[in-house]
Amino acid sequence: MKQKIAITLLGAVLGLEISLPSSAQEAQSDIGTLDKGKAERAFGTKPVYSPYASRKFPTRPLFGDTHLHTGASMDAGAFGARIGARDAYRLARGEEIKASSGQPVKLSRPLDFLVVTDHSDNMGMFPDLFAGKPEMLADPTGRKWYDLIMSGKGSQAALEIIVAFSNGRLPKPLTYSPDSRPYKNAWLDNVAAAEEYNQPGRFTAVIGFEWTSNTGGNNLHRNVLFRDNGDKASQIVPFTVEKPLGSDNPRDLWKWMTAYEQKTGGSVLAIAHNGNLSNGIMFPLIESFTGKPVDKEYVEQRAKWERLYEATQTKGDGEAHPVLSPTDEFANFERWDFGNLDASVAKSKDMLEFEYARSALKNGLKLEQQLGTNPYKFGMVGSSDAHTGLAAMEEDNFFGKTTPQEPSPERATATFVSNPKTNIKVMDWQVSSSGYAAVWATENTRESIWDAMQRKETYATTGSRMTVRFFGGWDFTAADAQTRSPAMAGYTKGVPMGGDLNRAPSGKGPSFLVAALKDPLGGNLDRIQIVKGWLDGKGELQEKIYDVVWGGDRKPGADGKLPSVGNTVDVANATWTNTIGASELIGVWTDPAFNAVERAFYYVRVIEIPTPRWTAYDAMRFGIKLLPGTPVTVTERAYTSPIWYTP
Amino acid sequence: MTRLLKEPLLHFIVLGAALFGLFNLVNQKGAEQPAKIVISVGQVANLADGFARTWNRLPSQDELRGLLEDHIRAEVYYREAKALGLDRDDAVVRRRLRQKLEFLTEDMVAEPTEAELQTFLTANAERFKSDDRFTFTHVFLSDARRDGLEPDAAAIATKLSTAHAEADLGELGDNFLLGYEFRDVPRSSITQTFGDEFVAKLSKLELGRWEGPLASGYGMHFVRISDHVQGGLMQLDSVRTVVRREWMNERRLQAEADLYRALRERYQVVVEEPPAERAIDAKVSGVSQ
């Protein structure tokens with residue numbers, strides 16, 4: 001059996017080499033480059049012994065943050081963030097830096113990639129004294145300053161320029177005037193920073209920005225991620241919201257994305273976030289801009305550009321809501337459902353359906369039936385949305401959402417937002433130390449990561465770095481969970497997360513291979529669940545959650561409910577033990593209620609055992625008393641992109 | 001600080017300044033002579049250019065008119081607000097301006113010369129060493145699948161010591177989701193998968209024999225390394241962009257510190273003594289309780 005797979009893969013490798021021009025005769029994996037010479041040595045005259053030698057599928061998930069603000073974001077800067085893109089990359093790649101609050105900060109281990117997504121509106125202009133000003137050099141004083149800079153005495157030049165300004169002794173060619181463009185756009189500086197820190201194979205700096213549509217305080221934000229390098233990204237300026245140049249309507253963002261690709265030949269995708277703060281307009285059936293049902297163009301464009309959804313972040317979890325999923329015992333997680341983003345309008349229950357990932361995935365099935373395209377066929381990622389320049393989302397190393405929320409004895413009891421008019425008050429303890437994006441990319445490069453996002457081979461975590469595999473097909477059997485390489489079985493016999501299953505073979509239901517491995521530094525795993533959503537024969541949307549594999553000797557009760565895994569957290573000391581749950585879980589699950597004519601999706605949710613929440617670490621380290629109602633434990637989790645079934 | 005903000009005198013001064021500003025504004029403009037806003041040809045071109053960079057086409061007449069109208073509106077508000085002194089004592093404005101000045105120094109770091117890069121690389125050679133690379137196989141013992149790891153580990157150690165190279169290792173250990181053979185993998189990537197401590201131990205093992213078990217966050221691992229390529233010192237040609245980046249970063253931090261020191265010297269700062277009754281505050285904050 002193993003040998004058969006080896007031969008199949010060998011054939012695939014050789015086939016690839018024959019069909020590609022010589023410059024592309026390389027098979028990439030995260031364990032290095034398999035070039036033709038090496039392949040020949042390895043494959044030589046006899047089939048290779050090792051079935052893993054020629055694997056080309058991703059072998060390790062890459063972890064990153066697709067949503068981080070630095071001081072160049074106006075709100076972040078206003079809150080006191082001074083960390084720029086360069087320092088943000090330095091922290092993400094594993095170095096120690098000094099946070100805006102002055103404290104040293106370092107991640108427990110490096111991230112694989114980072115996307116700095118500053119708000120495109122008001123990104124700002126920064127002084128650029130010498131760019132495009134030849135007359136500067138003709139002026140003796142200008143020349144002197146230029147020479148100082150060139151000889152490494154830039155700060156002396158800066159000082160002299162400042163003094164000259166303040167005394168009104170600035171040489172004429174240097175006088176600022178609006179049409180002389182002595183400023184450069186902060187965007188170009190962000191692009192330059194990404195170029196400096198992008199190190200293919202080691203650490204990827206993906207270029208991106210956030211388009212922050214927020215009319216009436218209703219959050220329609222999207223992050224835009226570039227597959228491209230700076231040569232393309234610097235040809236444009238990011239799309240903004242403020243009129244007359246920008247627009248708050250996502251349809252206009254999609255037009256901008258089209259124009260970008262046409263102009264540069266590049267590639268972009270968008271990731272929406274915080275539907276929970278949109279007050280019912282993130283995943284519409286009726287468009288808020290027109291009051292009309294979404295049409296063919298809307299669903300097609302949205303499906304084309306919005307490949308992923310950020311399902312968990314600091315401002316609350318967006319997977320599911322207990323009102324929408326009353327029987328889901330894990331739905332009530334890091335909930336932010338008070339109102340819209342600026343707390344100007346309170347939440348009503350009818351809004352929820354159009355705010356959460358699971359209900360959107362369900363409504364998407366219905367829209368697909370009506371309009372031919374599913375606009376809400378998105379994959380999942382988590383990210384921070386931190387406004388500190390610090391992608392530090394571990395519970396024991398949480399550096400907050402904004403700069404005033406960096407670690408301090410006060411933060412656990414401070415107020416995040418308060419609106420006396422609506423009587424909405426959100427406390428800082430409600431801010432969630434979440435999350436990260438996991439991407440099954442074959443190598444750590446911009447192209448490979450972006451391509452994995454485009455095909456939705458991603459999952460969201462709430463800050464944990466657990467490994468999650470998920471494959472769907474028609475032929476998985478229990479034995480596939482026992483093989484030495486479940487991934488090979490997965491890719492050979494099925495499709496990975498984000499993929500599609502179509503037209504069931506007669507008499508067969510889909511089977512799924514699921515596996516999870518704990519974060520090496522994190523808590524054990526409680527269970528793996530599969531969430532199924534479908535459109536039944538009566539046109540009604542349904543959902544059901546199945547416990548597939550779990551740790552320990554637990555048996556579901558008469559009601560089908562799996563008993564709780566327990567809790568080992570010592571709150572006072574902010575510790576736990578991995579004596580419950582399991583370090584890894586794997587299994588094959590077949591849908592017991594499959595109906596071949598009904599549209600459906602399946603995604604995996606992995607739940608960790610309870611561990612201390614950041615508030616518990618704060619209470620312990622600062623010796624403070626938390627406010628009543630502050631949660632002190634958390635069950636970290638992962639949500640994979642779904643696999644869709646279409647009849 | 002908050003106490004200062006509550007000070008009525010401060011309120012009076014701020015209000016006074018604002019009124020003074022308003023008075024000046026009204027006075028200087030007079031009734032008959034409106035102030036002038038001149039939009040230069042260059043500015044119009046800038047607006048059109050910004051549009052073109054966003055939309056990949058030039059604005060229409062209507063669109064350009066819209067851009068101009070918005071620009072004029074912004075200019076009017078900017079002037080009036082500044083005249084009123086609304087930019088003063090505003091934390092957001094202060095932070096933004098500070099940011100801009102700091103950026104100015106960043107912008108004044110010149111490109112390094114070849115010689116500077118070489119000197120920097122030589123002085124920091126360790127920082128630019130290439131990563132160690134490992135090729136190894138492991139036999140995994142899962143916490144989850146075994147009741148006691150130690151007795152099993154002892155039994156497996158014995159078997160491994162006598163096993164042939166081709167022995168079916170799958171029979172000995174447990175399945176491991178991230179694989180068994182790691183070929184030519186950089187140290188950084190192994191750290192991501194197995195953790196710091198594991199890699200620290202790994203780099204001390206002998207080649208070509210089964211060693212261990214080593215503990216990781218998942219369980220225990222018997223490891224056989226077949227190749228360990230030590231990271232080496234790098235020539236400038238192969239690490240130029242990274243050396244440049246690090247050089248620029250050091251200069252950036254240095255320039256910022258230098259500029260602040262130099263600017264700070266231009267000021268004599270007087271921090272006024274708090275009034276005597278401020279001692280009462282100490283009691284409230286719990287010091288004397």
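**W336(A) and its partner**

I started with W336(A), which is buried at a relative accessible area of 1%. This is a predicted model, and I kept that in mind throughout. I then went through the aromatic pairs, of which the structure holds 40 over all chains. In one of them W336(A) meets F416(A) edge-to-face, with 5.4 Å centre to centre and 75° between the planes. I checked where the two rings sit: W336(A) is in the loop between β13 (316–317) and α12 (357–371) of chain A, and F416(A) is in strand β15 (residues 415–419) of chain A. They are 80 residues apart, so this pair links distant parts of the chain. Is F416(A) buried or exposed? Neither quite: F416(A) comes out as partly exposed, with a relative accessible area of 28%.

**F471(A) and Y491(A)**

Next I pulled up F471(A) and Y491(A), whose ring centres are 4.9 Å apart with the planes at 70°, so I logged the pair as edge-to-face. F471(A) belongs to strand β19 (residues 467–473) of chain A and Y491(A) to helix α14 (residues 486–493) of chain A, so the pair ties together parts 20 residues apart in sequence. F471(A) counts as buried at 2% relative accessibility. Y491(A) has 22%, and the cut-off for buried is under 20%, so I put Y491(A) down as partly exposed.

**A ring cluster and two lysines**

Which residues do ring pairs link into a cluster? I listed W187(A), F209(A), W211(A), F226(A), F239(A), W256(A), Y260(A) and W55(B).

I also looked for charges over rings. The charged end of K532(A) sits over the ring of W534(A), 4.5 Å from its centre. K544(A) lies over the face of Y546(A), at 5.3 Å from the ring centre.

**Cores**

The largest nonpolar core has 122 residues, and Y89(A), F226(A) and W256(A) have the most contacts inside it. F226(A) and W256(A) were already in my notes as members of the ring cluster. I followed Y89(A) further: leaving out residues up to four places away in sequence, Y89(A) touches L114(A), V116(A), A193(A), A194(A), Y197(A), F203(A), A205(A) and V206(A). A second, separate core has 27 residues, including F136(B), L177(B), V199(B) and V223(B).

**Confidence**

Last, I checked pLDDT. Chain A averages 88, and 86% of the residues score at least 70. Residues 1–46 of chain A are below 50, though this stretch has 50 contacts in the model beyond near neighbours in sequence. Residues 177–181 of chain A also stay under 50, with 11 contacts beyond four places in sequence. Where pLDDT is low, the predicted coordinates should not be read in detail.

Methods:
Residues are numbered from 1 along each chain as its sequence is written. Chains are lettered from A and ligands numbered from 1 in the order in which they are written. This is a predicted model: local features need pLDDT of at least 70, side-chain atom pairs count only at pLDDT 80 or more; totals for chains, interfaces and linings use all residues. Side-chain values use heavy atoms; hydrogens and water are left out. A nonpolar core is a set of buried Ala, Val, Leu, Ile, Met, Phe, Trp, Tyr and Cys residues joined through side-chain atoms within 4.5 Å. Buried means under 20% relative accessible area, exposed over 50%, partly exposed in between (1.4 Å probe, protein chains only). Contact means heavy atoms within 4.5 Å. pLDDT is the predictor's confidence in each residue, from 0 to 100. Rings of Phe, Tyr and Trp (its six-membered ring) pair if their centres lie within 6.5 Å; planes under 30 degrees apart count as stacked, over 60 as edge-to-face and the rest as tilted. Helices (H or I, at least four residues) and strands (E, at least two) are DSSP runs, numbered from the N terminus. A charge sits over a ring if NZ of Lys or CZ of Arg is within 6 Å of the ring centre and within 35 degrees of the ring normal.
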